[in-house]
Amino acid sequence: MISLLSPLVHATQDYMPAGLILSLAAAFVVERSYMSAYRHEFVGTLLMISFTFSAGKWFGTDSQNVEWLAHACGVVASDFIGGGPHVNPAVS
């Protein structure tokens with residue numbers, strides 16, 4: 001499996017992160033039986049990144065309290081919208 005995956009990682013590492021390629025391999029385990037869980041958690045990961053990493057960058061630049069409040073609201077919103085995924089598709 002690793003000998004098959006290694007050329008793929010080397011060929012695409014300039015275009016996308018290697019971690020994304022390796023996490024995609026987890027979606028195809030046992031003839032795609034975990035694809036729906038992978039998709040659900042991948043969307044949760046995107047929600048978590050977009051809602052929580054904006055704090056301090058765009059919100060709360062002048063106040064640490066506002067920054068932490070925006071981060072906390074982002075965590076709650078991403079869990080609520082995503083239905084509470086684990087937000088780590090390669091682990092599940």
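W68 is exposed in this predicted model, with a relative accessible area of 53%, and the residue belongs to helix α4. Along the chain, W68 and G56 are 12 residues apart, while their C-alpha atoms are separated by 8.1 Å. The protein around W68 is built from four helices and zero strands, so that its pattern, read along the sequence, is simply α-α-α-α. The points below take up helix α4, then helix α3 and its aromatic pair, then the region of A27 and V30, and finally the totals and the confidence of the model.

**Helix α4**

- Helix α4 covers residues 64-82, and its 19 residues reach 27 Å from the first C-alpha to the last, close to the 27 Å expected at 1.5 Å a residue.
- The buried residues of α4 are G74, S78 and G82; seen down the axis of the helix, these residues fall within an arc of 30°, and they therefore line one face of α4.
- On the other side of α4, the exposed residues are N65, W68, L69, V76 and F80, and for W68 this agrees with the relative accessible area of 53% given above.
- What covers the buried residues of α4 includes helix α3.
- S78, which is found in helix α4, has a relative accessibility of 1% and therefore counts as buried, the cut-off being under 20%.
- Once its neighbours within four places in sequence are left aside, S78 is in contact with L47, M48 and F51, and of these contact partners L47 and M48 are listed among the buried residues of α3.

**Helix α3 and the aromatic pair**

- Helix α3 is formed by residues 35-52; it has 18 residues and reaches 25 Å from its first C-alpha to its last, a span close to the 26 Å expected at 1.5 Å a residue.
- The buried residues of α3 are M35, Y38, E41, G44, T45, L47, M48 and T52.
- The structure holds one aromatic pair, and because the rings of Y38 and F42 have their centres 5.9 Å apart and their planes at 15°, this pair is stacked.
- The cut-off behind that description is an angle of under 30 degrees between the planes, and the 15° of Y38 and F42 therefore places the pair in the stacked class.
- Y38 and F42 are four residues apart in helix α3, and they are therefore separated by about one helical turn.
- What is the burial state of each partner in this pair? Y38, at 7% relative accessibility, counts as buried, whereas F42, at 28%, counts as partly exposed.

**A27, V30 and the loop before α3**

- A27 lies in helix α2, and with a relative accessibility of 1% this alanine counts as buried.
- Not counting residues up to four places away in sequence, A27 touches R32, Y34, M35 and Y38; M35 and Y38, two of these partners, also appear among the buried residues of α3.
- The C-alpha atoms of A27 and A37 are 8.3 Å apart in space, and the two residues are 10 positions apart in sequence.
- V30 sits in the loop between α2 (18-27) and α3, where it has a positive phi of about 50° although it is not a glycine.
- In contrast to A27, which counts as buried, V30 counts as exposed, at 55% relative accessibility.

**Totals for the protein**

- Of the 92 residues of the protein, 23% count as buried.
- The protein exposes about 6,700 Å², and carbon and sulfur atoms supply 66% of this area.
- Among the contacts with a separation of 6 or more, 50% are accounted for by residues 24 or more positions apart.

**Confidence of the model**

- The mean pLDDT of the protein is 76, and 84% of its residues reach 70 or more.
- Among the elements of the protein, helix α1 (residues 2-12) has the lowest mean pLDDT, at 72, and helix α4 has the highest, at 83.
- Where pLDDT is low, predicted coordinates should not be read in detail.

Conventions. Residues are numbered from 1 along each chain as its sequence is written. This is a predicted model: local features need pLDDT of at least 70, side-chain atom pairs count only at pLDDT 80 or more; totals for chains, interfaces and linings use all residues. Side-chain values use heavy atoms; hydrogens and water are left out. Helices (H or I, at least four residues) and strands (E, at least two) are DSSP runs, numbered from the N terminus. Buried means under 20% relative accessible area, exposed over 50%, partly exposed in between (1.4 Å probe, protein chains only). Contact means heavy atoms within 4.5 Å. Accessible areas come from the Shrake-Rupley method with a 1.4 Å probe; for residues, only the protein chains shown count as cover. Rings of Phe, Tyr and Trp (its six-membered ring) pair if their centres lie within 6.5 Å; planes under 30 degrees apart count as stacked, over 60 as edge-to-face and the rest as tilted. pLDDT is the predictor's confidence in each residue, from 0 to 100. The expected span of a helix is 1.5 Å times one less than its number of residues. The arc is that of the directions from the helix axis to the C-beta atoms.
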